[in-house]
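Hi,

Here's the structure I promised to send over. Have a look at it first, and then read my notes underneath.

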Amino acid sequence: GRTFWGIVATRPLPPAEAGLRLALIRDVTVKVKAEEAKREQEAFSDALRDVARALTSTLNQDEVLDRILANLERVVPHDSANVMLLDPDGLTLRLVRQKGYERHMQDARRLLSRAFPLDETRNLRELVNNQQPLMTLDTHNDPDWVAWPDTRWIRSYLGAPICSMGRVVGVLSLDSGTPHFFTPLHAERL
């Protein structure tokens, strides 16, 4: 057996006093999934338009980063997100914006003081060097994952480089408390 979406129609069978009914079930799984994909694509397009407006309407970096984080949920579901910017020397990423961590830790603002030296964080170094999204399906089973006591709840990670003029200037990071949460489609959208 398999689970599917269906529409059920019933009608009584004669004689009506017998209480018998004929039931017809039509499988509409393909239609439901197509409608769901269409809604996701529309939400994705709307979010991209909003981010594009943010990027072109202001030169204020803080405002742009805040708008990106605000629209991110519409593009890829996640529990928390952050933006890290690469120091001018290109050796360290610094967390400059975050959203969603307050649900998992006492003082999420402390994260804004975190620095991630690339020579100590292999996964971030690979993301920056390869200029490609990086997915960690289960952080608890990844030897390259650097765990902090207040972020041990993170079980899967998706990061994408922020590029300007062909070089990485930062990283957009998404976290989930569910192992194997992120998919290649999420990475493509990010």
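The radius of gyration I quote below is taken over C-alpha atoms, and the globule rule to compare it with is 2.2 Å times the number of residues to the power 0.38. Keep in mind that this is a predicted model.

So, the overall shape. A compact globule of 190 residues would come out near 16 Å, but this chain has a radius of gyration of 23 Å. The C-alpha trace spans about 85 × 40 × 35 Å along its principal axes. Buried residues account for 36% of the 190. Of the contacts with a separation of 6 or more, 47% are between residues 24 or more positions apart.

How many helices and strands are there? The chain has four helices and eight strands. Reading from the N terminus, the order is β-β-α-α-β-β-β-α-β-β-β-α.

On the surface, the chain exposes about 11900 Å², with carbon and sulfur atoms supplying 55% of that. As for charge, I get 25 positive and 26 negative side chains, and the centres of the two sets are 6 Å apart.

Now some individual pieces. Helix α2 covers residues 61-75, and its 15 residues should span 21 Å at 1.5 Å a residue, because the expected span uses one less than the number of residues. The C-alpha atoms at its ends are 21 Å apart, which agrees. Which of its residues are buried? In α2 they are Val-64, Leu-65, Ile-68, Leu-69, Asn-71, Leu-72 and Val-75.

Thr-92 sits in strand β4, which runs over residues 92-99. Is Thr-92 buried or exposed? Its relative accessible area is 12%, and the cut-off for buried is under 20%, so Thr-92 is buried. Leaving out residues up to four places away in sequence, Thr-92 touches Leu-85, Leu-86 and Asp-87, as well as Ala-115, Phe-116, Pro-117 and Leu-118.

After β4, in the loop that leads to β5 (115-117), you'll find His-104. His-104 has 34% relative accessibility, so it counts as partly exposed. With residues up to four places away in sequence set aside, His-104 touches Asp-79 and Trp-153. How far apart are His-104 and Leu-190 in space? They are 23 Å apart, C-alpha to C-alpha, with their positions 86 residues apart in sequence.

Then there are a few backbone points to look at. Most residues other than glycine have a negative phi, and most peptide bonds are trans. Here, Pro-14 and Pro-15 are joined by a cis peptide bond with omega about -10°. Pro-15 is in the loop between β1 (6-12) and β2 (21-27).

Two residues other than glycine with a positive phi are also worth finding on screen: Gln-131, with phi near 55°, and His-180, with phi near 60°. Gln-131 is in the loop between α3 (122-130) and β6 (134-136), and at 33% relative accessibility it is partly exposed. His-180 belongs to the loop between β8 (167-176) and α4 (184-189). Is His-180 buried or exposed? With a relative accessible area of 51%, His-180 is exposed, as the cut-off for exposed is over 50%.

Cheers

Methods. Residues are numbered from 1 along each chain as its sequence is written. This is a predicted model: local features need pLDDT of at least 70, side-chain atom pairs count only at pLDDT 80 or more; totals for chains, interfaces and linings use all residues. Side-chain values use heavy atoms; hydrogens and water are left out. Helices (H or I, at least four residues) and strands (E, at least two) are DSSP runs, numbered from the N terminus. Buried means under 20% relative accessible area, exposed over 50%, partly exposed in between (1.4 Å probe, protein chains only). Contact means heavy atoms within 4.5 Å. Accessible areas come from the Shrake-Rupley method with a 1.4 Å probe; for residues, only the protein chains shown count as cover. Lys and Arg count as positive and Asp and Glu as negative; His and the chain ends are not counted. The place of a charge is taken as NZ of Lys, CZ of Arg, CG of Asp or CD of Glu.
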